[in-house]
Amino acid sequence: MNRKYLFLALTVISVLTWQCTGSKSLSRKADKLQEAGLNEEAADFYYKSLQRNPRNVDAKIGLKQTGKEILESLLNEFYKSYSAEDYRMAVYKYREAKDFQDMCSPFVDLEIPPYYNDYYEESETTYKNNLYEKANELIYEEKYKEADEKLKEIIELDPTFKDAKELASMTTAEPMYQKGVKLYEAKKYRESYAMMKRVIDQKGSYKDAIDYRDNALEEATITIAVSPFDVSSSSQSQIAEKINGSITQSLVNSENPFIKVVDRSNTEKLLEEQRLNMELGTESRVQAGEMLGANMIITGKMMDYSVQSQPIQTSRQPAFEQIKVQKVNPRTKEKYVATEYRKTYYNEYSGSRNITAALQYQVINAETGEVVSGGVINETERDNVNYASRKGGFKNLYPGEFSSSLGGLMKEGKVITSYKAKSQLQSKFTSSKRELRSENQIRADLAQKIAQNIVSKVHEYNPEL
């Protein structure tokens, strides 16, 4: 026989032997449990024995005997409950008996007399009707949680029973709807909107939930005008415009349903008209916001803007290259390989660009003139480059120090062979960043950072708290 197939055959025989051995062992344990009158425990072991080996005759006989006694006991309990008109107990005892019969069915046949099924159907119908009536009473009493429990039990027994599913949906939606109405009446429009949205998501068109949702949204919506910031130099003007634009764009793209942004071109046009008539201060900006129909206006003043740049420069750095040198032991005359370090250099490139900006901002309620949020935001955006290059590669290169490269091999100086130092040096050679971001790019990123800070404060503001 081919060795491959022989191995496969032996493996199959081994598995079958283990299964049969395990099955017999379980069956013997079941026999002892049955002798002790522990039928349920015995049936469990017979069942596990047959799972290991469905052809175990002794286990089949044992499961048939113990299973019959267990099933009869369950059916007796069912009938007693049915006779006593305890329909809930009757329903669940019969279902327990049926589950046990189904579990044993792959190995042995256990019969339930047909008349028991008739009794069960009568019990289930009566019990479901009782649950249904009680659920309706609880709904009438506005005890929705208790009603929901009854309806869920009906659906578990019979998913198609009357309008139980519809009522179960209503018992969840109705308390949310009522809460949404109360929140609306209390002028908690944001919470009312969220509650009615949950009702609609679950139930669709439920009573007048859609009207409440839409009205709550209209009442809760804040219309915001973003005013151009005051500046004192052309460089400040560049960053101010970017911050202003980033705030507007972030608010427009926001998923916050309660924020609406006034068109930027309209804001600038109105403010420009006011500039022709007066010096534009906070009061004038608030008036402009009111004229634009804004509830809130964001305004501010650039306090500082500075750029610090260090162009990329090259420096020659000392290092050591690890080499293998063949030598001869003077005493034994045997050859061996020694590790030595040769002085060398590599080119290191480094540069940086930092931009700092400070903005004093205010978020003003255009209806009351109240400053709802404000402060000074001071942020810095940094970029740097630090990489290295060398002809001849860098894999065997180690950082170090020496005063002169004369002599080639290290006889003086210091080589640093630690893993951390070598990794840091290699990271300079493998760095893919070789250029500094432009001032425009860094300025745009800085503007976005400052804008997000202000936008987060706007999102946090809730006039209903």
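**Group meeting: helix packing, pockets and two backbone oddities**

Okay, let's start with a helix pair: H3 goes past H4 in a left-handed crossing. Bear in mind throughout that this is a predicted model. The two axes sit 7 Å apart, and the packing angle is about 165 degrees. Anything over 145 counts as roughly antiparallel, so that's what H3 is to H4. On the H3 side, the contact uses Leu63, Gly67, Ile70, Leu71, Leu74, Leu75, Glu77, Phe78, Ser81 and Tyr82. Coming from H4 you have Tyr87, Met89, Ala90, Lys93, Tyr94, Glu96, Ala97, Phe100 and Cys104. What's the make-up of that contact by class? There are 14 nonpolar residues, two polar ones and three charged ones.

Keep those two helices on screen, since they come back in the second largest pocket. That pocket has Glu40, Ala43, Ile70, Ser73, Leu74, Glu77, Lys93, Glu96, Phe100 and Met103 along its lining. Which elements give two or more residues to it? Those are helix H2, at 39–52, helix H3, at 57–83, and helix H4, at 87–104. If you go back to the H3 and H4 contact, you'll find Ile70, Leu74, Glu77, Lys93, Glu96 and Phe100 in it, and they are among the pocket-lining residues too. The space in there is about 210 Å³, and the lining breaks down into five nonpolar, one polar and four charged residues.

Next pair: helix H8, residues 189–203, and helix H9, residues 209–220. Their axes come within 8 Å, crossing at roughly 150 degrees. So this pair is roughly antiparallel as well, and the crossing is left-handed. H8 puts in Tyr189, Arg190, Ser192, Tyr193, Met196, Val199 and Ile200. H9 answers with Ala209, Ile210, Tyr212, Arg213, Ala216, Leu217, Glu219 and Ala220. Sorted by class, that's 11 nonpolar, one polar and three charged residues.

That takes us to the largest pocket, at about 260 Å³. Tyr189, Glu219 and Ala220, from the H8 and H9 contact, are among the residues that line this pocket. The others are Thr221, Ile222, Asn295, Met296, Asn365, Glu367, Tyr461, Pro463 and Glu464. Here the class split is six nonpolar, three polar and three charged.

The third helix pair is H10, residues 234–252, with H14, residues 439–460. Their axes also come within 8 Å, but the crossing angle is roughly 50 degrees. H10 and H14 are therefore oblique to each other, and this crossing is right-handed. From H10, look for Gln238, Ile239, Lys242, Ile243, Ser246, Ile247, Ser250 and Leu251. H14 contributes a list that includes Asn440, Arg443, Ala444, Leu446, Ile450, Ile454, Val455 and Val458. How does the contact divide by class? You get 12 nonpolar, six polar and two charged residues.

Last thing, the backbone. Glu142 isn't a glycine, but has a positive phi of about 60 degrees. You'll find Glu142 in the loop between helix H5, 114–140, and helix H6, 144–157. Then there's Lys333, also not a glycine, with a positive phi near 65 degrees. Where does Lys333 sit? It's in the loop between strand E3, 296–328, and strand E4, 335–365.

Notes: Residues numbered from 1 in each chain as written. Predicted model: local features only at pLDDT ≥ 70, side-chain atom pairs only at ≥ 80, totals over all residues. Heavy atoms only, no water. 1 Å grid on protein atoms, 1.4 Å probe; cavity = no way out; pocket = protein on both sides within 12 Å on 5 of 7 lines; lining within 4 Å. Points joined across faces, edges and corners; volume = space filled by probe spheres on them. Nonpolar A, V, L, I, M, F, W, Y, C, P; charged D, E, K, R; others polar. Helix = DSSP H or I, 4+ residues; strand = E, 2+ residues; numbered from the N terminus. Axes fitted to C-alpha atoms, helices over the stretch in contact; angles between N-to-C directions. Parallel < 35°, antiparallel > 145°, perpendicular 65-115°, else oblique. Left-handed = near helix turned anticlockwise from the far one by under 90°. Contact = heavy atoms within 4.5 Å.
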